[in-house]
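Me: Could you take a close look at a single part of this structure and explain how that part sits among its surroundings? I would like one connected account.

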Amino acid sequence: MGWLPIAGVVVLWAGAAAAEVGMRALAFTDTADGGMTRAVVWYPTDAPETPVRRGPFTFQVAEGGPVAEGRHPLVVVSHGSGGSAFGHADTAMALARRGYVVAAVHHRGNAFDDDRDAGTERMWRKRPAQLSATLDYLLAEPELADRLDGERVGALGFSAGGYTVLVAAGGVAELGRIAAHCRTPPAGERFCHLGNEETQARVDARDPRIRAAVLMAPVGVPFSKDGLAGVTIPIRLYRAERDEQIAASQVEGLRDRLPMPPEYEVVRDAGHFAFLMPVPAAIAAEVGPPAWDPPGFDRTAFHERLNTEIADFFDRALAIERQGR
């Protein structure tokens with residue numbers, strides 16, 4: 001399957017997950033440059049859910065409710081370049097209903113509301129640091145720390161977020177490989193439109209707390225085979241068949257260079273943004289390209305399957321077995 005049991009044991013998850021999902025926003029120091037960064041956290045709770053509006057989206061959550069009793073596995077999420085901490089909210093909520101605490105980083109300097117670092121060395125360096133800073137904060141935050149199982153931490157990344165998670169998982173990124181790739185990019189690949197400054201810098205920022213990872217249409221070119229030698233955690237890897245941003249060769253090359261074969265799936269007829277939360281038709285024009293799919297592709301139906309697959313993967317990879325399953 002391409003994944004290894006954690007410490008050779010399976011831990012029985014004590015009790016069923018709470019039926020409701022809580023949500024809260026956090027702000028803390030960005031260790032990359034001393035500014036403030038943000039994260040959104042979803043988690044199991046016993047508090048009642050109500051409609052909560054965020055931008056063009058409405059979520060049915062218990063905003064600010066207490067985290068359910070017990071120690072919960074944790075998943076950190078890294079969005080794509082120019083994205084948002086809410087980009088994978090449906091996946092986060094599905095994991096929370098399964099009993100996970102899920103923290104999505106809002107990557108300051110490479111988000112929809114602050115994209116000043118896009119395509120620069122700063123962007124590639126700051127992203128993994130921000131992911132680890134989020135973990136640091138969560139595992140020390142008084143209201144959350146006692147509810148988290150710091151030995152069972154997973155990470156999920158989309159596009160540039162996949163790069164971010166790979167660095168945190170032990171990959172060493174060679175940024176010069178990006179500019180070299182973009183001198184003669186594959187036909188139709190828009191990744192290079194991001195802008196990629198010439199640099200020979202390397203990014204090495206492994207976070208040993210991360211024990212399993214899901215990568216969705218990840219940026220793969222910064223990683224050589226040697227640069228991936230330290231990535232030995234379980235990985236589930238997705239490629240979108242009709243991805244207009246990340247060429248198939250990026251994802252397939254990454255798959256082939258990983259030292260442990262990942263679980264791998266090609267999502268038929270999917271475009272790059274298929275991994276983002278489904279967007280209601282009424283606001284698709286307001287959201288723009290991230291809401292659009294190739295003709296005939298049903299993102300909502302795909303996410304019903306995707307969210308279950310991701311939760312099942314983390315259960316296996318983090319050695320969690322649930323009563324009644």
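**Gln 250 and its surroundings**

Reply: Gln 250 counts as buried because its relative accessibility is 2%, where the cut-off for that word is under 20%. The model is a predicted one, and this value, like the others below, is to be read in that light.

Gln 250 belongs to helix α6, which spans residues 248-257. Setting aside its neighbours within four places in sequence, Gln 250 is in contact with His 181, Glu 189 and Phe 191, and also with Pro 218, Val 219, Gly 220 and Val 221.

Within α6, Gln 250 is joined by Val 251, Gly 253, Leu 254 and Arg 257 as the buried residues of the helix. Viewed down the axis of α6, these buried residues fall within an arc of 165 degrees, so they line one face of the helix. A general point helps here: an α-helix has 3.6 residues a turn, so residues three or four places apart point the same way.

As for what that face meets, the buried residues of α6 pack against two helices, α4 (160-168) and α5 (176-183), and against the strands β11 (210-216), β12 (235-240) and β13 (263-267). The helix lies across β11, β12 and β13, and α6 runs at about 160 degrees to β12.

These three strands belong to an open sheet of 10 strands with mixed pairing, in the order β4-β5-β2-β3-β7-β6-β8-β11-β12-β13. Its edge strands are β4 (50-54) and β13, each of which pairs on one side only. On average, and with direction ignored, neighbouring strands of this sheet are turned by 30 degrees against each other.

Following the sheet from β11 to its neighbour β8 (residues 148-158), one finds that the two strands run parallel and are joined by 6 bridges. Among the bridge partners, Gly 154 is matched with Ala 212 of β11, and Ala 155 is matched with Ala 213 of β11. Helix α2 (residues 121-138) also packs on the sheet, where it touches β2 (20-29), β3 (36-45), β6 (72-78), β7 (101-106), β8 and β11, and its direction makes about 155 degrees with that of β6. Strand β11 is thus touched by α2 and lies among the strands that α6 crosses.

Strand β8 is mostly covered, with 9 of its 11 residues buried. Strand β8 also pairs with β6 in the parallel sense over 6 bridges, and there the bridge partner of Ser 78 is Gly 157 of β8.

Terms used:
Residues are numbered from 1 along each chain as its sequence is written. This is a predicted model: local features need pLDDT of at least 70, side-chain atom pairs count only at pLDDT 80 or more; totals for chains, interfaces and linings use all residues. Side-chain values use heavy atoms; hydrogens and water are left out. Helices (H or I, at least four residues) and strands (E, at least two) are DSSP runs, numbered from the N terminus. Buried means under 20% relative accessible area, exposed over 50%, partly exposed in between (1.4 Å probe, protein chains only). Contact means heavy atoms within 4.5 Å. The arc is that of the directions from the helix axis to the C-beta atoms. Two strands pair if DSSP finds at least two bridges between them. Axes are lines fitted to C-alpha atoms, for helices over the stretch in contact, and angles run from 0 to 180 degrees between N-to-C directions.
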